[in-house]
There are 2 protein chains.
Amino acid sequence: MPYEDHDLELDLRWWAAANYLTVAQIYLQDNTLLREPLRPEHIKPRLLGHWGTSPGLSMIYTILNRHIRRTDTDWLYVTGPGHGGPALVASTYLEGTYSEIYPTVARDAEGVRVLCRQFSSPGGIPSHVSVPTPGSIHEGGELGYALVHAAGAAFDRPDLTVACVIGDGEAETGPLSASWKLPAFLNPRRDGAVLPILHLNDAKIAGPTVLGRTSDEDVAHYLSGQGWAPVVVEGDDPHRVFRNLERAVREAHETIREAQHAARSGSGERVRWPAIVLRTPKGWTGPHEVDGVLVEGTNRAHQVPLSGVRDNPEHLRLLQDWLASYRPETLFDENGTLVDELAALAPSGDKRMGSTPYANGGRLLTPLTVPPLDAYALDVPAPGTTFHGTTKVLGELLRDIYSRNTTKDGGGSFRLFCPDETASNRLDAVFDATDRCWQLPTTEWDTALSPDGRVMEVLSEHLCQGWLEGYLLAGGHGLFASYEAFAMVSVSMMIQHVKWLQHARDLRWREPVASLNILLTSTCWRNDHNGFSHQGPGMIDAAIPLSSEVVRVWLPPDANTLLSISDHCLRSRDHVNLIVVDKQEHLQYLTLEEAHEHCARGASIWEWAGTEATTADRPEVPDSPDIVLASAGDVPTQEVLAAAELLREWVPYLRVRVVNVVDLLALMPVRDHPHGLSEVAFIELFTADTDVIFAFHGYSRAVHELLHGRTGAARFHVHGFSEQGTTTTPFDMVVVNEMSRYHLVLDALRRSRRVPERSTDLADYCRTQLERHRSYVVEHLEDMPEVKDWTWGSTTSKCAGRTPA
Amino acid sequence: MPYEDHDLELDLRWWAAANYLTVAQIYLQDNTLLREPLRPEHIKPRLLGHWGTSPGLSMIYTILNRHIRRTDTDWLYVTGPGHGGPALVASTYLEGTYSEIYPTVARDAEGVRVLCRQFSSPGGIPSHVSVPTPGSIHEGGELGYALVHAAGAAFDRPDLTVACVIGDGEAETGPLSASWKLPAFLNPRRDGAVLPILHLNDAKIAGPTVLGRTSDEDVAHYLSGQGWAPVVVEGDDPHRVFRNLERAVREAHETIREAQHAARSGSGERVRWPAIVLRTPKGWTGPHEVDGVLVEGTNRAHQVPLSGVRDNPEHLRLLQDWLASYRPETLFDENGTLVDELAALAPSGDKRMGSTPYANGGRLLTPLTVPPLDAYALDVPAPGTTFHGTTKVLGELLRDIYSRNTTKDGGGSFRLFCPDETASNRLDAVFDATDRCWQLPTTEWDTALSPDGRVMEVLSEHLCQGWLEGYLLAGGHGLFASYEAFAMVSVSMMIQHVKWLQHARDLRWREPVASLNILLTSTCWRNDHNGFSHQGPGMIDAAIPLSSEVVRVWLPPDANTLLSISDHCLRSRDHVNLIVVDKQEHLQYLTLEEAHEHCARGASIWEWAGTEATTADRPEVPDSPDIVLASAGDVPTQEVLAAAELLREWVPYLRVRVVNVVDLLALMPVRDHPHGLSEVAFIELFTADTDVIFAFHGYSRAVHELLHGRTGAARFHVHGFSEQGTTTTPFDMVVVNEMSRYHLVLDALRRSRRVPERSTDLADYCRTQLERHRSYVVEHLEDMPEVKDWTWGSTTSKCAGRTPA
């Protein structure tokens, strides 16, 4: 269908309306439809906003609107240049979505006034494309994630096309640069499509951009080398650019649909996905020159091109002319309502990009089918006596989640995202259900790799996490599994996602979405086989200060607790769950039933491990424990239990309590976190005044940070990861960080309320063992036999021979 | 000069020696020169290491050795695939460097035994290319930074060529993907060169790589589109590949030198820098098939191809054959020393890549010339009465540091790195000394932009920080300035750099290097004009748990303290300094002299702001303060002072102390941090038992974390950033986070030791002001006049009219 002159003229008028409202939002607090000459008091006291990128964003929106109406297809608009917030607010206002969601911003003169006043104002809306912006799944602030979010939204959404506008500033970032590898992972049969629109307007805040100053030929090579088929649209004449962009969008979409059709009818070849390179002037249609200096087309158009409007009559006049140039009187009727012939340009209902359910994924969300956990539960005949790979059971659960949440077209609603580590992290059971996703050539010796695979492996935490975020915000479920230390690579994305969810929870129209679940495995304690670079538990510290409504930190000590927690997290909504658990073989403690109860409580006394029961009837022993040993995390729990056993063996009448914490933020006071234990429950666990030796998975001060405000916080003595590491043995890691059973025993004896008989002997024994350890590892290059296979109950026999009973 | 057959045969034997020692390090603890048939007890108890990438790394090293000897040029080798640690250890051992640095690893049979036993063993060396590896400036662990580190090392080093080996796994990461934009920033006149060698061996841990499965044509387009001139070297026949690689290196270096010569004689054009794409089999020369499964050339060769050597006689036999295939008896003489004709292949002295001073930058480091600070000091006639842009003075200092540390060739030893925000961060005075660095086309309206500019602006925190890290480790000085929130984008790099310095401090042969200085500006409190995404002080939380030997956190309250601290940081060695200060206009408090004293102490009482002096003689007032108001950070200090003034005005006989903390880690107990105040000094500041209302720049729990172990830590009541934000006014930011002067006063009255007269009136006043604030900002879209220009002393007059005196 041709793009008639009549259509073009209408589109240019819609565009003028969007540009008008963009400028009005940035500048005006009154006279917002320019019904009288501008006066200083019409101008906002603070001028905030970004004009430069806005006209381009609005032009693309205009063209897409027409295309959607013609083709009746579903499109999502991802705005990389999020600073262009007012442009997206304007477009969604013009199409009617905005007023439906926010009735006070009505489609009349008063609505336009509210629209302008709320922008970038206290109590109003942020200046960036953000959570309150209809049609957005992408916060425009921290740059780099537009294309990963767009891709994530397209996975398993075969009917969706995501238009992703990428600014040339953002294109310099690492995550965006990596995102172009998408064609290796996007499946034309079962996924939707992503149409990148690389918007080169030459400049960022203060200077030119690399791609803006790169030749068309080089830009085309850059993209074609990564599997795209780029088309350049360029110019500063609106008529010409509109025509060319309209054609480019139309042809790109035809190419996409042909490729999808071919793939879906079984005859597809590898796709070169279309991409549009759009070069238009920064600040297009704005003031060309200000104070004798060129503005339009340069970085000086980035934010507010006229900064002195309130005090400088010449600037005020320029603004008046600029606003008037859009002829608002021809765009809005006397009520201040968009004139009918323009209003008719918007697609209808949920086809409007501001209203698409793909941008409000909770509307598309179907509950995840999670099979009953009993089939995966480990048999734990007695606590601490058997070893098992903790994450292995999760792999089996995920395998069946894949199977049960797959659609006929080979898509589904669940995906696992992981830098090439799914097998390394012992989650490889998933490959019984599906392969790794791979659209590039394969060889005969590849395993678990195919175009239809839906496990997303790419050696980039940014891509993994960003894809998952987009997938979740468009209504999917998923898990990002990472080496613990390297999750820090994308920690800022986690922080931004928490901020997104924090705001989304305040907006009723945003339906809850599935939580962002991050499995931190290959942890610091058991990266003994890798270097110091692989040892870093800092994700916990990064998560703690963020919104308590959103963030959860889980430290399952074993497989059945991991199952219980994973089940909970995968069913939860609007949270960011960090689950920290190692992948190696570890001691197993709880049956599934016990695990459920433990996880529901968040922290419990493990009575079997303490001596409160066995010492209860002895008159010389006080009622409350002499010392509490507590732990959070798998390796710390192992060391605490070994310490408890040493104490039981050597000083049996010491009253020892053992507490395990699985829900870390339960330590926080209840006023600071909804999972915080009540003070009564806290004292029931830790007493009010007994010293607590706390073995912690992460950096020790994180626990102190959590405990502030608790009764007797100073009596907690935390042994955690103290940033000591290298390639060494598992036990050496706990020794060099002073969290070994021997360190814990020594600290317990030092802090204990009473000094039982034989304390000195036990302390000597511990010191001797620590000395012996060092010579043993250097001589034998491995752990001492006594520690490496320690199980609950084994100390008794070991020590028996060595010490007078 | 041709590559004679004789040379080639020698090089292949050197390569065999390197490969032999690589395999030996991974497997053997004894019989390390294979002088008898292998027995299980010769095998290490734990097999750790990565074979797959190693033969390629050693081949490149071999070829470069020959090239260095022929051309007598300086080369640095950056090993992206850091897992290939044993290959680099082997190469630097063969060239002699290793034994010079570590004499116990001598060039004889016992040395080879130690070499093998120490690898990946407790008390030995890490498995990755790392700090102890001679010739390395790049820890191989967290992937993505090879090319940025290589580039950083080349800046301002005109005689250096950096060979940067990039694995195809790493090439999938965000930071590495962005790094290819280097040709836009590398100046052939004054900088050295970077020769990327993209090593495609098809696979990462568990599957293929994107570039490994991309056609040569597409890979070439990908690189050429970014300004490189790629050459492909491919094959699995060592003779052929050696010949082709030798030619590729030789021709690349010729091209580089021609381009540099042209540029340096003033006739240069834009350079297309050479790059080598090298395709060789993963695990080349290792076991081809194991247990009937193909290994060589697949991901199964990634780590330890034969895993069951100790227990599986067939695997033991395969290992025996594999080791023997290198014919060690022809490589090492009867003493176990490398035979002379091979030893002669190494370059000599500092030309050896393991010995180059460019990889031990402290050897090249010259002290930075920092001009006397007096010229930049702000005149502060009275504390808290004048406003000034705090970072502006730093910009002026940096301008003159640029000028005074510039060499004749236009290079120098100092650079500022910043995502396009130098001007936004008010550091633009530097542009009086130099421009932004830019090798792409320029236009007439560009400002402060030229090929010879040495301010590094690119919209990527990864590139900025990575370039600076490389620059520092090769002997330069510098500063990375970032929007506070977005420094989190590259926080994992900061963490890895701290780890590097922590290890380097333990190695005597590593000379101290200039500190990594990170200026966090455009902070959370004054990103009121941007969105919530721009508001995040989490860098402090990330830094606190890291090595106390390395990490410093500075919160200057004003310009002169910023000068004092910057001077200190720029002169310091082997630290990571976080300097947190906002860029907007702020109140100024201290003269330069006072600032020096304050910074040297770390924290001081600001007597002028408290009432201890004015209340000292009143009999009814106790000796110790009723309340302490403390702050760390510019905006918190302003609010604390405004609160102090309100208290002084309304309840003048309340004994108030005001403390300012500039060196945040001074709060830590001295046993935990070398900057920690002694307990005596701590109590002198904060008393032993008075409640402290602490206004803090960052997340409040970070302070609690630091205070653990201090006398009466529970009496500190911290008001910090509580993750509340949006686009709003400056004062609204402190209100919504409950750190405003009114919140502080209310808390002070609640916690004060005594309840003075008129406390209730003051509390009512504060509550009224907070209510008024909300209606004011919504109505006027700006801050109340009383708060937005508040200066020390202004409350008196303001309040006077409102309250009975």
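Let me start with one term: two residues are in contact if their C-beta atoms, placed from the backbone, lie within 7 Å. Keep that in mind. Also keep in mind that this is a predicted model.

First, the two chains. How many residues does each chain bring to the contact between chain A and chain B? Chain B gives 100 residues, and chain A gives 100 residues.

Let's look at the side of chain B that touches chain A. Six helices of chain B each give two or more residues to that side: helix 7 (174-179), helix 8 (216-224), helix 15 (491-504), helix 16 (538-543), helix 21 (700-707) and helix 24 (759-780). Which of them gives the largest share? That is helix 15 of chain B, with six residues. And the make-up of this side? On chain B, 38 of the touching residues are nonpolar, 41 are polar and 21 are charged.

Now the inside of chain A. Chain A splits into domain 1 (5-348), domain 2 (369-585) and domain 3 (604-800). Take domain 2 and domain 3 of chain A. Their centres, taken over C-alpha atoms, are 29 Å apart. Their contact uses 29 residues of domain 2 and 35 residues of domain 3 of chain A.

Stay on the domain 2 side. Two elements of chain A each supply at least two residues there: helix 16 (539-543) and strand 15 (551-554). Strand 15 of chain A has the largest share, three residues. The side of domain 2 of chain A that touches domain 3 counts 14 nonpolar residues, nine polar and six charged.

Back to chain B, for a sheet. It is an open sheet of five strands. Read the order as 18-20-19-21-22, with mixed pairing. Which strands sit at the edges? They are strand 18 (603-605) and strand 22 (716-719) of chain B, and each pairs on one side only. On average, neighbouring strands in this sheet are turned by 20° against each other, direction ignored.

Zoom in on one edge. Strand 21 of chain B covers residues 692-696. Strand 21 and strand 22 of chain B run parallel, joined by four bridges. Here is a pair to find in the structure: Phe694(B) has Val718(B), in strand 22, as its bridge partner.

One last piece. Helix 21 of chain B lies across strand 21 and strand 22 of chain B. The helix runs at about 150° to strand 22 of chain B. You have met helix 21 already: it is among the helices that give two or more residues to the side of chain B that touches chain A.

Key:
Residues are numbered from 1 along each chain as its sequence is written. Chains are lettered from A and ligands numbered from 1 in the order in which they are written. This is a predicted model: local features need pLDDT of at least 70, side-chain atom pairs count only at pLDDT 80 or more; totals for chains, interfaces and linings use all residues. Domain bounds come from an automatic or database domain assignment. Ala, Val, Leu, Ile, Met, Phe, Trp, Tyr, Cys and Pro count as nonpolar, Asp, Glu, Lys and Arg as charged, and the others, Gly among them, as polar. Two strands pair if DSSP finds at least two bridges between them. Axes are lines fitted to C-alpha atoms, for helices over the stretch in contact, and angles run from 0 to 180 degrees between N-to-C directions.
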